[in-house]
Amino acid sequence: MITTAPTSTKRVVYLRCISCGHEPELWQIAPQCEECGGLLEVARDLSRYDAASLRADWEARRGGLAARDRSGVWRFREMVAPLEPEDMVARGEGNTGLYAAPGLADWAGVGDLRLKHEGENPTGSFKDRGMTAGVSVARRLGVGTVACASTGNTSASLASYAAMAGMSCVVLVPRGKTSAAKLGQAVAYGAKTLSIRGDFDLALALLQKLAPELGLYVLNSVNPWRLEGQKTIMLETLEALAWEAPDWIALPGGNLGNTSAFSKALVEMKELGLIDRLPRIAVTQAEGAAPFAAAYAAGWSVLRPVEAETIATAIRIGDPVNYPKASAGVRALDGVVTTVSDSEIMDAKALVDRMGVGCEPSSAAGIAGIRKLRAAGIIEKEASVVAVLTGHLLKDPDATWAYHTGSNPHANPLAAVDADERSIRAAMEVL
Ligand SMILES: Cc1ncc(COP(=O)(O)O)c(C=O)c1O
Ligand SMILES: [Zn+2]
């Protein structure tokens, strides 16, 4: 029996607006502050937890039979959401691989590189970590319909978790800019899927406006519980590294939910004493969708939304809603933000794929960013880096196929061979 519990339940976990400090009721449906419209965060009195017993309980649950115990999200439940077990819509998500990548480390020029493959989640992306948390809170709230705007993965994940929880689901996606694989998931899992003649940013703005009137519970990353679930990517990584923080965490940045969640998780783990130093964070955006990088370069003076365009459709986002949390997070971790071109993204993806690990284009932006930051002397030569691969290779087969059938540096083209022994022998000679 797992017994970790804070010494008292009074105000251990509560919601707080990061803009005006308002503390609304914990189980409220509005995802943002109703006083000022600011972002809410889940705050915790960490002095009420015992770090050693947390660590022991997190490890012990891993061997449990119940999905909510072995889940790579719910085994860390004290840092996710204070829910009763029956509210946890869990399926053993998380527990993703952390792969050594020595060849890729050499290519990037760093001392040690490991890949945390979030594409190994049930629907193929890190979003499942956020959705298991968000849909469980939705169950606690008793809501009937959950909703999101999405570049693809969010809709696939929400549709799946909503179906498992017996809830209705509505998703808004930008027309013609979502991979067929992701759209196919949303439709197949039964979401009402609205293809919007506009981009992701517009879809999200429309949803935020209409949600109260239509009675929808919004599960984009403006929802603070989503981020609590996504924090477990860092918790699981640190656990796998025996709570020795790497020098750097590298990831792609779109709507900046992960940037916010990872920095929150790392700061909390340091405060709990589970790690003794903070890693730095390296966020990479696609050149055509880089408002966060521009704000960083301008000394965080202002975020100027852009009209986004990139082959990495998952991060084709021009007005990231989590900017206030993410910019504070990057500052707290002495982080950096950079950009890479679409061809750098696709070349890096080809190398990750070639390892046998594989990822979707957006994930590879983070990898390309490591090489760029190393070349600029920002990431040190001997640095240890953990890069988070956010989505599975199968999420965007069109992009993969276009790369390998084009004249690209790491292309592995199909060989068309006549169906006779001589031709096959001749084709094999080049191996
Ligand atoms: C595969 C993938 N990578 C990265 C991102 C961007 O993540 P964030 O919005 O947390 O910056 C997304 C978001 O849709 C995604 O699906
Ligand atoms: Zn507020």
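**Close-up 1. Helices H5 and H6 pack at an angle of about 25 degrees.** In this predicted model, the axes of H5 and H6 (residues 180-188) lie 8 Å apart. With angles under 35 degrees counted as roughly parallel, H5 is therefore roughly parallel to H6. The crossing in which H5 passes H6 is left-handed. To find the contact, look on the H5 side for Asn153, Ser155, Ala156 and Ala159, which meet Lys182, Gln185 and Ala186 in H6. Sorted by class, the residues of this H5 and H6 contact are three nonpolar, three polar and one charged.

**Close-up 2. Helix H4 crosses helix H5 at roughly 40 degrees.** Here H5 (residues 153-165) is shown with H4 (residues 127-141), and the two axes come within 9 Å. That angle makes H4 oblique to H5. The crossing of H4 and H5 is right-handed. On the H4 side, the residues that take part are Lys127, Asp128, Met131, Thr132, Val135 and Arg139. They meet Asn153, Thr154, Ser157, Leu158, Tyr161, Ala162 and Ala165 in H5. The contact of H4 with H5 holds six nonpolar, four polar and three charged residues. If you have just come from the previous view, you may recognise Asn153 of H5, which is listed in the contact with H4 and in the contact with H6.

**Close-up 3. Ligand 1 is surrounded by 20 residues.** The residues that come nearest to ligand 1 are Gly254, Asn255, Ala314, Thr390 and Gly391. Three elements give two or more residues each to this shell: H5, helix H10 (257-272) and helix H14 (361-375). Which element gives the most to the shell around ligand 1? H10 does, with three residues. As for chemistry, the shell around ligand 1 has 15 polar residues, four nonpolar residues and one charged residue.

**Close-up 4. Helix H10 and helix H12 cross at roughly 45 degrees.** H12 spans residues 323-332, and its axis comes within 8 Å of the axis of H10. At this angle H10 is oblique to H12, and their crossing is left-handed. From H10, the contact takes in Thr259, Ser260, Ser263, Lys264 and Val267. H12 brings Lys325, Ala326, Gly329, Val330 and Ala332. By class, four residues of the H10 and H12 contact are nonpolar, four are polar and two are charged.

**Close-up 5. Leu256 and Asn95 are two loop residues with positive phi.** Leu256 sits in the loop between strand S9 (248-252) and H10. Its phi is positive, about 70 degrees, although Leu256 is not a glycine. Is Leu256 buried or exposed? Leu256 is buried, because 28 other C-beta atoms lie within 10 Å. Asn95 belongs to the loop between helix H2 (67-70) and strand S3 (98-100). The phi of Asn95 is near 50 degrees, again a positive value in a residue other than glycine. Asn95 has 16 C-beta neighbours inside 10 Å, so this residue counts as partly exposed.

**Close-up 6. Helix H9 is mostly covered.** H9 runs over residues 232-240, and eight of its nine residues are buried. The buried residues are Thr232, Ile233, Met234, Leu235, Glu236, Thr237, Leu238 and Glu239. After H9 comes Ala242, with a positive phi near 55 degrees.

**Close-up 7. Leu373 is a buried residue of helix H14.** Leu373 counts as buried because 26 C-beta neighbours lie inside 10 Å. Which residues is Leu373 in contact with, leaving aside neighbours within four places in sequence? They are Ala282, Val336, Thr338, Ile378 and Ile379. For a sense of scale, try Val173: this residue is 200 residues from Leu373 in sequence and 33 Å away in space, C-alpha to C-alpha.

**Close-up 8. Lys209 is an exposed residue of helix H7.** H7 covers residues 200-214. Lys209 has 10 C-beta neighbours inside 10 Å and therefore counts as exposed. Between the C-alpha atoms of Lys209 and Arg140 there are 23 Å, with 69 residues separating the pair along the chain.

Conventions
Residues are numbered from 1 along each chain as its sequence is written. Chains are lettered from A and ligands numbered from 1 in the order in which they are written. This is a predicted model: local features need pLDDT of at least 70, side-chain atom pairs count only at pLDDT 80 or more; totals for chains, interfaces and linings use all residues. Axes are lines fitted to C-alpha atoms, for helices over the stretch in contact, and angles run from 0 to 180 degrees between N-to-C directions. Helices (H or I, at least four residues) and strands (E, at least two) are DSSP runs, numbered from the N terminus. Angles under 35 degrees count as roughly parallel, over 145 as roughly antiparallel, 65 to 115 as roughly perpendicular and the rest as oblique. A crossing is left-handed if the near helix is turned anticlockwise from the far one by less than a right angle, and right-handed if clockwise. Two residues are in contact if their C-beta atoms, placed from the backbone, lie within 7 Å. Ala, Val, Leu, Ile, Met, Phe, Trp, Tyr, Cys and Pro count as nonpolar, Asp, Glu, Lys and Arg as charged, and the others, Gly among them, as polar. A residue is near a molecule or strand if its C-beta atom, placed from the backbone, lies within 6 Å of it. A residue is buried if 20 or more other C-beta atoms lie within 10 Å of its own, exposed if 12 or fewer, and partly exposed in between; C-beta atoms are placed from the backbone.
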